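Grab your viewer and work through these exercises one at a time. Try each task before you read its solution.

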Amino acid sequence: MKKRNYFWILVLVIAAGIFSVVMTVNKKIKINLVFAGNYELHGVDVSHYQGRIDWSKLAQQNVDFAFIKATEGSSYLDECFFDNWEAAEKTNLYIGAYHFFSFDSEGEKQAEFYIETVGNLSGKLVPAVDVEFYGDKESNPPAKEEVVAELKKMLAALEDYYQVKPVIYSTYTVYNKYIKGEFEEYPLWIRNVYYPPVGNLGNGWTFWQYTDTAVLEGYEGTEKYIDMNVFKGTTDEFNELIVK
């Protein structure tokens, strides 16, 4: 009788494990909170969608760093950037400014706009460039050669000005189509809000956006959620991403 009970317990455990794996792979269960807790440094990324932010309150909620949206394309300025930047500077957070890459603008012009807007980054995180689909771009993706060429121009201009390699933020779809094999020398910020980063990611990832449904105190925007990220490494390694 005992052997029979052990057998069915084992069957149930295996079935539960298989069910969990299937549900995770099919994006029905998010297990990231468990894995993200193993990393030392946690951070947020924000834009005007979070509205007015109380940065002193946000900084007290297991947050070590923040990437703040500054620019998009060659002319769009995030309406909350300057307020966020000034207020975040008064906290003990490591802060950085990110740019949303446009497939419809010249790379050099996008870099010029970012530099004119953000200016000096001494003591701040390296620039970050968000490369992801928007509008109808996923169903009608631009040619790889064109995207790679313009992105290279933008990154080169930023690197020349700031003397650091920018971080590239990407989804798996965009990474596999445009980034993989072309930008391996740049730190990668990968998005996977369902399970930890897996698969062939070149030289690996540096930042991981593990959820887009976190809820923290201290912001009053149209978006009730906030993105959370972790850094893969130690504080000393993180400091290597600070602009001198």
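**Exercise 1. Find the buried residues of helix H7 and work out how they are arranged.**

Step 1. Helix H7 spans residues 172–179, and its buried residues are Val174, Tyr175, Tyr178 and Ile179. Buried here means under 20% relative accessible area, exposed means over 50%, and partly exposed is in between (1.4 Å probe, protein chains only). Helices (H or I, at least four residues) and strands (E, at least two) are DSSP runs, numbered from the N terminus.

Step 2. Look down the axis of H7: the buried residues fall within an arc of 105°, so they line one face of the helix. That arc is taken from the directions from the helix axis to the C-beta atoms.

Step 3. Now see what lies over that set. The cover of the buried H7 residues includes strand E5 (128–131), helix H6 (144–162), strand E6 (167–170) and strand E7 (188–191).

Step 4. Step past the end of the helix: just after H7, Gly181 has a positive phi of about 80°.

A word on ground rules: this is a predicted model, where local features need pLDDT of at least 70 and side-chain atom pairs count only at pLDDT 80 or more, while totals for chains, interfaces and linings use all residues. Residues are numbered from 1 along each chain as its sequence is written, and side-chain values use heavy atoms, with hydrogens and water left out.

**Exercise 2. Take one covering strand, E6, and describe the surroundings of Val167.**

Step 1. Val167 sits in strand E6, and it is buried, at a relative accessible area of 0%.

Step 2. List its contacts (heavy atoms within 4.5 Å). Skipping neighbours within four places in sequence, Val167 touches Val126, Pro127, Ala128, Val129, Pro187, Trp189 and Phe207.

Step 3. Check one of these partners by backbone distance: the C-alpha atoms of Val167 and Ala128 are 4.5 Å apart, although the two residues are 39 apart along the chain.

**Exercise 3. Search for salt bridges and sort out three pairs.**

Step 1. Set the criterion: a side-chain nitrogen of Lys or Arg within 4 Å of a carboxyl oxygen of Asp or Glu. The whole structure gives nine salt bridges.

Step 2. Start with Glu72 and Lys69, whose closest N and O atoms are 2.6 Å apart. Glu72 is partly exposed at 27% relative accessibility, whereas Lys69 is buried at 7%.

Step 3. Next comes Lys124 with Glu89, at 3.0 Å from N to O. This pair links distant parts of the chain, 35 residues apart: Lys124 is in the loop between helix H5 (107–118) and E5, and Glu89 is in the loop between helix H4 (81–88) and strand E4 (94–100). Lys124 is buried at 14% relative accessibility, and Glu89 is partly exposed at 42%.

Step 4. Finish with Lys153 and Glu150, at 3.4 Å between their closest N and O atoms. Both lie in helix H6, three residues apart, about one turn of the helix. An α-helix has 3.6 residues a turn, so residues three or four places apart point the same way.

**Exercise 4. Characterise the largest pocket, then zoom in on Ser47.**

Step 1. Get the volume: the largest pocket comes to about 450 Å³. On a 1 Å grid over the protein atoms alone, a pocket is an open set of points with protein on both sides within 12 Å along at least five of seven lines, and lining residues have an atom within 4 Å of a point. Grid points are joined across faces, edges and corners, and the volume is the space filled by probe spheres set on the points.

Step 2. Of the 21 lining residues, the closest to the pocket's centre are Asp45, Ser47, Tyr49, Tyr98 and Asp227.

Step 3. Pick out the elements giving two or more residues to this lining: strand E1 (41–46), strand E2 (65–72), E4, E7, strand E8 (207–214) and strand E9 (226–231).

Step 4. Ser47 lies in the loop between E1 and helix H3 (55–58) and is buried, with a relative accessible area of 6%. Beyond its neighbours within four places in sequence, Ser47 is in contact with Lys69, Asp78 and Tyr98. Lys69 is the salt-bridge partner of Glu72 from Exercise 3.

Notes. 1 Å grid on protein atoms, 1.4 Å probe; cavity = no way out; pocket = protein on both sides within 12 Å on 5 of 7 lines; lining within 4 Å.
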